[in-house]
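The exercises below work through one predicted model, from its fold to its empty spaces and single residues. Please keep the sequence and the coordinates in view while following each solution.

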Amino acid sequence: VIVTRLATRDLHKPISILFCNLAVSDLFTSFSGFWIAVLFITNPDITIFGSQDMLAPYALYTTSILSTIYNQVSIGIERYLAVAKSMRTRFRVARHHSIVVVFIIWVLAFFLGCLPLMGWNCLQAERSISVLYSPFCVDYLVFITMPNVVVAFLVPLFTYLRIIIILRKRKLRMQEACGQVTNTYKSAETQVARTSISIWLLALVSYAPFLAGVIFDATNQRCHTDLYPGAYIFRNCTAMLITITCLGNPVLYTLKSRALGARLKALRCLWASRGRACAI
């Protein structure tokens, strides 16, 4: 997704910038998740009881998940503005708006995700340490998780529902004016509805278990050994669901697989022709 959108000029649109940034966030999430997995393989105790070595990978993991959430929210808002621009708002999203949004997303994600590296951790204080994500503090996890998960659920739900309602109203107006609706418009409305529902359900399935784990962590008073291994199996499953989200996002946001395949083929042919020209 990143290579295709950067190499194809006609895809350099505001929404394409957000799509490309979402792919970068997913790439960072997968990379940080792999880093944590390697630490678990080499030294599983530090992923259970916590260590200084876990702060950096957990901070990068948190940063990448936050940037993914903010990207999904910004894409929903951009789609809503694009659909509603002819009705209530005259605001038009330009490329520089998307670039500013991407910059804000990463600054906010890095600031919130790196707070444990700045001192908000429980390496010294054992009182409020997280059992599932040591050495993070429970109050930090609650501070990060609760508002962002609510944003990830409610804002896309509102924007995509509004998009479906706007398209439905336009279809009714077209029926009143022309007496019928073209098959192209019906197909577009169905595709938007399916994509919107799929995006929201994927976010719900991915982040709801993680939210449940944080709530359990905040209300739990038992030590690490009492929860082993069941709680940590659940923690690993939540990480797998988030990774599946990273795999599902490119599929959902590039539904035209034939067009994407044609672009990849064209890029491959372009690179091959350049290689032959250089050889000549």
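## Exercise 1: Chain layout

Task: describe the secondary structure and the burial of the protein chain.

Solution. The protein chain has 10 helices and 0 strands, where helices (H or I, at least four residues) and strands (E, at least two) are DSSP runs numbered from the N terminus. Along the sequence the pattern reads α-α-α-α-α-α-α-α-α-α. Of the 280 residues in the chain, 44% are buried; buried means under 20% relative accessible area, exposed over 50%, and partly exposed in between, with a 1.4 Å probe and protein chains only.

The model is predicted, so local features need pLDDT of at least 70 and side-chain atom pairs count only at pLDDT 80 or more, whereas totals for chains, interfaces and linings use all residues. Residues are numbered from 1 along each chain as its sequence is written, and side-chain values use heavy atoms, with hydrogens and water left out.

## Exercise 2: Empty space

Task: characterise the largest cavity and the second largest pocket by volume, lining and residue class.

Solution. Start with the terms: on a 1 Å grid over the protein atoms alone, a cavity is a set of points where a 1.4 Å probe fits but cannot get out, a pocket is an open set with protein on both sides within 12 Å along at least five of seven lines, and lining residues have an atom within 4 Å of a point. Grid points are joined across faces, edges and corners, and a volume is the space filled by probe spheres set on the points.

Next, take the cavities: the structure holds 3 of 30 Å³ or more, and the largest cavity encloses about 200 Å³. Its lining counts 16 residues, of which Thr62, Ile65, Ile144, Thr145 and Phe210 are the closest to the centre. Two or more lining residues come from each of H4, H6 and helix H7 (183-219). By class, this lining has 13 nonpolar, 3 polar and no charged residues, where Ala, Val, Leu, Ile, Met, Phe, Trp, Tyr, Cys and Pro count as nonpolar, Asp, Glu, Lys and Arg as charged, and the others, Gly among them, as polar.

Then turn to the second largest pocket, which has a volume of about 340 Å³. It is lined by 16 residues, and Gly33, Ile36, Ala37, Asn236 and Ala239 are the closest to its centre. Helix H2 (14-42), helix H4 (55-84) and helix H9 (230-253) each supply at least two residues of the pocket lining, and H9 gives the largest share, 7 residues. The pocket lining comprises 10 nonpolar, 5 polar and 1 charged residues.

## Exercise 3: Single residues

Task: is Ser67 buried or exposed, and how many residues separate Ser67 from Asn21 in sequence?

Solution. Ser67 belongs to helix H4 and counts as buried because its relative accessibility is 0%. Between Ser67 and Asn21 there is a separation of 46 residues in sequence, with a C-alpha to C-alpha distance of 8.8 Å.

Task: place Trp35 in the same way, and locate a cis peptide bond.

Solution. Trp35 sits in helix H2 and, with a relative accessible area of 32%, is partly exposed. Trp35 and Tyr61 lie 26 residues apart in sequence and 9.2 Å apart in space, C-alpha to C-alpha. The cis bond runs from Ser134 to Pro135, with omega near 10 degrees, and Pro135 is in the loop between helix H5 (95-113) and H6.
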